Amino acid sequence: MRDITVSAAPPPPALADKLKFYGIWVGVALILLLLPKILSSGGSLTTFSLIGISIIFALSYNILLGQTGMLSFGHAVYYGLGGFLAIHAINFIVGHKFPIPLPLVPMIGGATGLFFAALIGWVSTQRSGTAFAMISLGLAELVASSALILRSFFGGEAGVSANRTKLLKVFDWNFGPQIQIYYLVAAWTLVAVIAMYALTRTPLGRMCNAVRDNPERVQFVGYDPHVIRYLAFCFAGFFAGIAGALAAINFEIANSAYLGAVQSGTVLFAAYIGGIGFFIGPIVGAIFVTFLSLGLSDVTPVWQLYFGLFFIAVVMFAPGGITGLLMMHRPLLKGGTMLRVLPSYAVALLPTLAMVIGLMLAIESTVHYTVNPSENPHIRAFGIPFNAASPLTWAAALALIVVGFALARLSWRRVGHAWDEALTTARQNGVAA
Amino acid sequence: MSGKEPNAIELRDVEKSFGITKVIQTINLKVAQGERHALIGPNGAGKSTTFNLISGYMKPTSGSIQLRGEEIAGLRPFQINRRGLSRSFQVTNVFGNMTVWENLRCAVLWATGQRYAFWKNIDKLPEVRERTARILEDIHLVGRRDVPAGLLTYAEQRALEIGITIAGGANVILLDEPTAGMSHAETERAVSLIRRLTEGRTLLIVEHDMSVVFGLADRISVLVYGQVIASGTPEEIRGNPKVKEAYLGEEAA
Amino acid sequence: MRRLVVAAALALPMLGQAAIAQETVKLGYIDPLSGGGASVGEGGLKTFQYLAEELNAKGGILGKKVEIVPLDNKTNPQESLIQAQKAIDAGVRYVTQGNGSAVGGALSDFVTKYNERNPGKEVLYYNYAAVDPILTNDKCSFWHFRWDANSDIKMEALTNYMKDQPAIKKVYLINQDYSFGQSVRTTARAMLAKKRSDIQIVGDELHPLLKITDFAPYVAKIKASGADTVVTGNWGQDIALLLKASADAGLKVNWYTYYAGGSGGPTAIKQTGLNHQVFQITEGFANVDHKESQDFEKAFRAKVDLSLWYPRAVNEMRMFAAAAEKAKSLEPIKVAQALEDMKFEVFNGGEGIMRKDDHQFFQPIYISSFGERSEKEPFDDEKTGWGWKLVAKVDTAQTMLPTTCKMDRP
Amino acid sequence: MLELIVISTLNGVLYGMLLFLMASGLTVIFSMLGVLNFAHASFYMLGAFFGFQISRWVGFWPALLIAPLLAGAIGAAVERYGLRRVHKNGHVAELLFTFGLAFAIEEIVQIIWGKSPVDFRVPPLLDFPAFTIFSTNYPAFKMFMLLVSVAIFLGLLLALKKTRIGLIVQAALTHPHMVGHLGHNVGRIFMLVFGVGTALAAVAGVIAGPALVTQSNMAGLLGPILFVVVVVGGLGSLPGAFIASLLIGLLQTFAVSMNASLAGLLGPLSPDLAQSWLSDIWNVTIAQIAPIMPYLLLVLVLIFRPMGLLGTRDT
């Protein structure tokens, strides 16, 4: 019997694998520690802090969407409530001079997220799929609108503010400077990421996957899918609350925008663009989307359009997100056939790029005409100057789009062929799919 | 128990209607403990519906369903499963994105008392690991351990389906056409697999392949138009004129 | 479009701080440049850029050119703080903002905390339009200066005018359900009760902010109440749609508003034909009989194709320059001290004063009505042919309200 | 008081009928394609803006016809070249596709027509008060809106009962699983249903545009309420959508006209509680919470009747 078990069960990880696994976490911790030494301006520290917060938030969202298959349009409710409670807690602690230091405040946010998820979740997780999505949307609207009515708690549209420096000091840190906040966020991010990763490797975490794949069958192996969804929902709420509390600490203010549809939409974008099929996906997505939303609005006034179009493109052509695209290449890389697809990529990239540039040229020129018709038509977009009034510009845009589209279609078909070939060869070389 | 052991499954006057259509008209069915019982009948006779009623997938309109003497009519599927009844599906119904190993492991989790644990590392649960490995071995899928279930061949998926059904260690097993769509050789392998795996348990099976039915079953019940018209040993069923008329007659011809 | 270049430089905080030479005075303009509030934000940006050019043509401030750094806050307080941080990184020591008291409150709070934690690197916040009274009362800050009259001051001026109108008997209040709308409503009630106790408040409505598409039900209520006058702080689509719905229902009342002159308002008034029935209260408008400001208006319209909606921005920029000259320094703390109790000849004529106690600027306030023009009103609005006509002017002295501000000074 | 009731009823029914024009398309699309079209309200907005633009060129009446056709064509194209592609990636991807689409349409509309309301006027032919009730005018255009929506409602009913596609749609409503067995022309039917559904939303846009407001945020304001209608009525139930539309239309309109609050009902709050958060709840009037009424209704329905008012299926 013993022998059978040993041969049939997956072998326990070898020492090298274990080292690699723990090495990654240690490496991440080191990078987080050293990052501010390399880039230390207040702006980049703020950027990093925001990325950390958005990583926790996106991962918490993926507990729902990626792990359990629940599409929520209202995850910001728990983020926002966590943020509000954190701000109130800071004010309360300062007011009563409780010996609680700032680094513990995110726990309060987490507990708040957990509490409300536990309260609201029981009803909303009774159903999955479209019904759950709609319910989450309705509940989010309800909470966001109520926040403006319950003024003394939510502070109206102005929100509630606090001073994070007045709490008990830790190692002489008062958490005024951004660098100290950065380390606070980084530490919490690391802890939360590890915790959420660990969650995926527990019986509950695996049953979440089972519910995602086939909620019906789950019932016939003894589990109540509603309970699984509910517990997943509670965890998602808990971590969202931590993220919200960190955001509140970072900005020292919480207001109704925390709870709103925009926040819920952004986290959905981040998780999906990064790739919901992999644990690391939402992390990639959170970094990517945070950078985009911070940087893109500086280079073009219609950044939201690009954002929306990009999202549609991901949904249509790369449903696995950025991570999914990268992971697709793993078998090729292992099978040693990666080089075979690269040339076709290079060929396909050119017309695709041409098409994208044509599209952007057309959009920017149109924007010029509708938004600033009286201004000088010599405009710049993304730092590149061009003349929006010249027919040449329009002709160029049109030509780029049409020719680019035609060639891109052809060349991507070729990529498809090259890809299939490479994969087949890789399989023959003995790499499992 | 000294006197009469309760039946593994007992249906009394079970009815099921969808709107005004009565799909099941008063079923009475007894399956004794340790028995291999086959449920046969023409298409649309209500075999799958009967399974759905017993396993809790549907609620009966009226009547009583007992599992080892305990009333289970109206309970939810997972409640019935926890009382020791497990079923398979006619159309393969596995966790497509998860590997074979993970599929089986999900099926042993509740039975090993893990419930909704979120504080244990699933890879470090020896009992779960051992039981999963044993089932994997039993259904001959060791070589396909790390393949996502969605990528298995049809016969392999059917084997996995059976594996998931029995993995929880249920005492009463319901198999819904386990050999449907299989080649002759595959069917034989499947039958011996079923025979081996259900050793000492109660089996209720729906099957169209008569060689499977007569080779496997201790007792057979015939369902026609939502009613059990006959119940008995294979020999009794073979000789029953009513059955011949309604069902076997055409098949034998 | 020059902001694209500046912004591109700011967009890369990762690359560390490019050494940006200190020969310009940078004013960070933090307002919505994308999303729902963008049309308002773009208008403000063009105004400030025009004013910067005007200053630069005269040699800038203390010989340094003024540069406006546009920063898109998407009308969101958090985003505003990120943008403020970005601006500070790029060497900005002065920021200005106007759209939304929520943003104003967050910015004032941020700047105050930032200055406390980063002595020697102080930043000043010039507020040109966020009118929540709390910013110069309970939550006042040494680092915040406001050039727009806050909503209480405007209500004081408005009720001072209304008390002399015997025709007003039944007043209906309708406001947006948020802090500004509520403060309009409470002060209106209190001040009217004190100044004209015979006026009856026949309705007091709060409706959700920027969410109503059909005001017909509200208009039906106003009509049913028998009101002869409506007082509202509504702005944006909430005033335009309200006027439209009341015209549809044939409601004949006088409208006393804060922001009927805002973008889209004049068009709506003209459409509904409410000739000189809509009044607004502002710190200035195009048709004030004052040659200098009318010349400015002409040049401004020729250049940017907008009417000047922010005379207060002109005051802000000119006073900024004057204070820096007076302090002979561009250190924010010195400029701030120079601004305190500074007296200044305002854009539309008359003297204004930046009160030291609360950093609120006091200036003459005008009540005007929109409708057909006579030769005394040279300017129309939004190409409707109609223009604003002077109804009453309230002098600076009559707008001075007490403050509850207890300022912490450095 | 009576005046208020009559006017509110008229306004409520009108609003409800507008909602139903959109909800009907949404429901049918959901039943057949299994996807809740997040961008449905965006087609309402497109209808309004197309209507505005076309009526500038050739007048309102041609616009009333052309704009929905145009929007419907775009809708059909979206189904053919977008949704169908995404279909193989599952329902979540489909839903997200329409979510992204709603986002992009709003941005494109903003780029072309700007962010402020456009000047979409009631056609002069209908620009007069239809009747005066207790000295309040009721605009003729609103009566026209009511007539158009009722006419379309009746037309839809007829089409469902009498045409072949109508029968297929009906079948799909009751037995969504059989849609897959429709045979080779299932793609054409899907495209048609999507096109007609979005065109209906666009009709609502053209007639609502002049009466309400034509602005780039109109889809965002209406979208969530539309989903509430569909969920409250019961996913996939046309009669349910109809009842829910009227219910929400009347609920919101009547709530606006009520000034009752807990304070008015039970007297003012005791002074020691006056500063607490309880005072917010105590003093808020029904009129103030009118906009969240639909969501409250949603929560109540979900707790007490999770299938929706007339729903029969689970998802």
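This report describes the overall build of chain A and the domain arrangement of chain C in a predicted model.

**Chain A**

The secondary structure of chain A consists of 18 helices and 4 strands. Its C-alpha trace extends over about 80 × 70 × 45 Å along the principal axes. The radius of gyration of chain A is 25 Å, which agrees with the value near 22 Å that a compact globule of 433 residues would have. Of the 433 residues in chain A, 54% are buried. Among contacts in chain A with a separation of 6 or more, 79% join residues that are 24 or more positions apart.

**Chain C**

The domain assignment divides chain C into two domains, each given as two segments. The table lists these segments together with the residues that each domain brings to the contact.

| Domain of chain C | Segments | Residues in the contact |
|---|---|---|
| Domain 1 | residues 2-149 + 293-362 | 16 residues |
| Domain 2 | residues 152-282 + 365-399 | 13 residues |

Between the C-alpha centres of domain 1 and domain 2 of chain C the distance is 29 Å. On the side of domain 1 of chain C that touches domain 2 of chain C, the elements giving two or more residues are α2 (38-57), α10 (291-304) and β12 (351-354) of chain C. By class, this side of domain 1 of chain C holds 6 nonpolar, 7 polar and 3 charged residues.

Notes
Residues are numbered from 1 along each chain as its sequence is written. Chains are lettered from A and ligands numbered from 1 in the order in which they are written. This is a predicted model: local features need pLDDT of at least 70, side-chain atom pairs count only at pLDDT 80 or more; totals for chains, interfaces and linings use all residues. The radius of gyration is taken over C-alpha atoms; the globule rule is 2.2 Å times the number of residues to the power 0.38. A residue is buried if 20 or more other C-beta atoms lie within 10 Å of its own, exposed if 12 or fewer, and partly exposed in between; C-beta atoms are placed from the backbone. Two residues are in contact if their C-beta atoms, placed from the backbone, lie within 7 Å. Domain bounds come from an automatic or database domain assignment. Ala, Val, Leu, Ile, Met, Phe, Trp, Tyr, Cys and Pro count as nonpolar, Asp, Glu, Lys and Arg as charged, and the others, Gly among them, as polar.
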